[in-house]
Amino acid sequence: ICFPVTISGTGLVQTSDGSGVIKVQSNGVTTNALAWVNFSGATSPGTIRSAYNVSSATRNATGDYTLTFTNTLTDANYALAGMGGNNTTSLACVVQPYNLSAPTTSSVRVQSVRADGTMDVNPPTVSVVIFGN
């Protein structure tokens, strides 16, 4: 495929940034996931089940993980969303950026937090997605 590809009449443009990451833009705004991962937080290091642009999931402490990107991101101004739980159908906690470590272009540190605010679990299933430019 030659880039950019414009899908006529939709405002969608598909490009590649040279690292192998394909980007989709809608009316000039990038809208695709830059990275995502599903891994076991109960193992150390985290066992990755499936991922895009995440090369490792390191458990630093209970409920505390560092995700390393395969290809560095353009900047560290990205959005992150995640969840974790006992299995793929029971998701009991949120996964958020770690409050003592700023995101970088090469990795992000995240923590699992239960509804009561405690961070004392290593969920067997952790899923994280990252959106940005």
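Is S50 buried, exposed or partly exposed? Keep that question in mind while the whole chain is still on screen, and bear in mind throughout that this is a predicted model.

**The whole chain**

Begin with a cartoon of the protein chain, whose secondary structure amounts to 12 strands and zero helices. Of its 133 residues, 32% count as buried, and among the contacts with a separation of 6 or more, 49% join residues 24 or more positions apart. If you switch to a surface representation, the accessible surface of the protein chain comes to about 7000 Å², and carbon and sulfur atoms account for 54% of it.

**S50 and strand β6**

Now select S50, which is found in strand β6, residues 47-52. With a relative accessibility of 35%, S50 counts as partly exposed, because the partly exposed class lies between the limits of 20% for buried and 50% for exposed. Once the neighbours within four places in sequence are left aside, S50 is in contact with W36, V37 and N38. Of these, V37 is worth a distance label: the C-alpha atoms of S50 and V37 are 6.0 Å apart, although 13 residues separate the two in sequence.

**S40 in strand β5**

Move next to S40, which has its place in strand β5, residues 33-40. S40 has a relative accessible area of 9% and is therefore buried. Show its side chain and the backbone of A42, and you will find a polar atom of the S40 side chain 3.3 Å from the backbone nitrogen of A42. Apart from neighbours within four places in sequence, S40 is in contact with G46, T47, R49, P123 and P124.

**The largest nonpolar core**

In soluble globular proteins, nonpolar side chains tend to be buried together. To look at the largest nonpolar core here, which has 18 residues, select F39, L67, F69, V108, V110, V128 and I130, the members that touch the most other members. Colouring by strand is useful at this point, since β5, β7 (54-61), β8 (64-69), β11 (107-114) and β12 (125-131) each supply at least two residues of this core. The largest share, four residues, comes from β5.

Within this group, centre the view on V110 and display its surroundings: not counting residues up to four places away in sequence, V110 touches G63, D64, Y65, L67, L80, V95, Q96, P97 and Y98.

**Aromatic pairs**

Which rings should be shown next? The structure holds two aromatic pairs. In one of them, the rings of F39 and Y65 have their centres 5.3 Å apart and their planes at 75°, so the arrangement is edge-to-face. This pair links distant parts of the chain, with F39 in strand β5 and Y65 in strand β8, 26 residues apart. F39 is buried, at a relative accessible area of 0%, and Y65 also counts as buried, at 1% relative accessibility.

The rings of F69 and Y78 form an edge-to-face pair as well, because their planes lie at 85°, with the centres 5.9 Å apart. F69 counts as buried at 5% relative accessibility, and Y78 counts as buried at 13%.

**A charge over a ring**

For the last stop, select R109 together with Y98, which is among the residues that V110 touches. The charged end of R109 sits over the ring of Y98, 4.1 Å from the ring centre.

How values were computed: Residues are numbered from 1 along each chain as its sequence is written. This is a predicted model: local features need pLDDT of at least 70, side-chain atom pairs count only at pLDDT 80 or more; totals for chains, interfaces and linings use all residues. Side-chain values use heavy atoms; hydrogens and water are left out. Buried means under 20% relative accessible area, exposed over 50%, partly exposed in between (1.4 Å probe, protein chains only). A polar contact is a pair of N or O atoms within 3.5 Å; within protein, one must be able to donate a hydrogen and the other to accept it, and residues adjacent in sequence count only if both atoms are side-chain atoms. Contact means heavy atoms within 4.5 Å. A nonpolar core is a set of buried Ala, Val, Leu, Ile, Met, Phe, Trp, Tyr and Cys residues joined through side-chain atoms within 4.5 Å. Accessible areas come from the Shrake-Rupley method with a 1.4 Å probe; for residues, only the protein chains shown count as cover. Rings of Phe, Tyr and Trp (its six-membered ring) pair if their centres lie within 6.5 Å; planes under 30 degrees apart count as stacked, over 60 as edge-to-face and the rest as tilted. A charge sits over a ring if NZ of Lys or CZ of Arg is within 6 Å of the ring centre and within 35 degrees of the ring normal.
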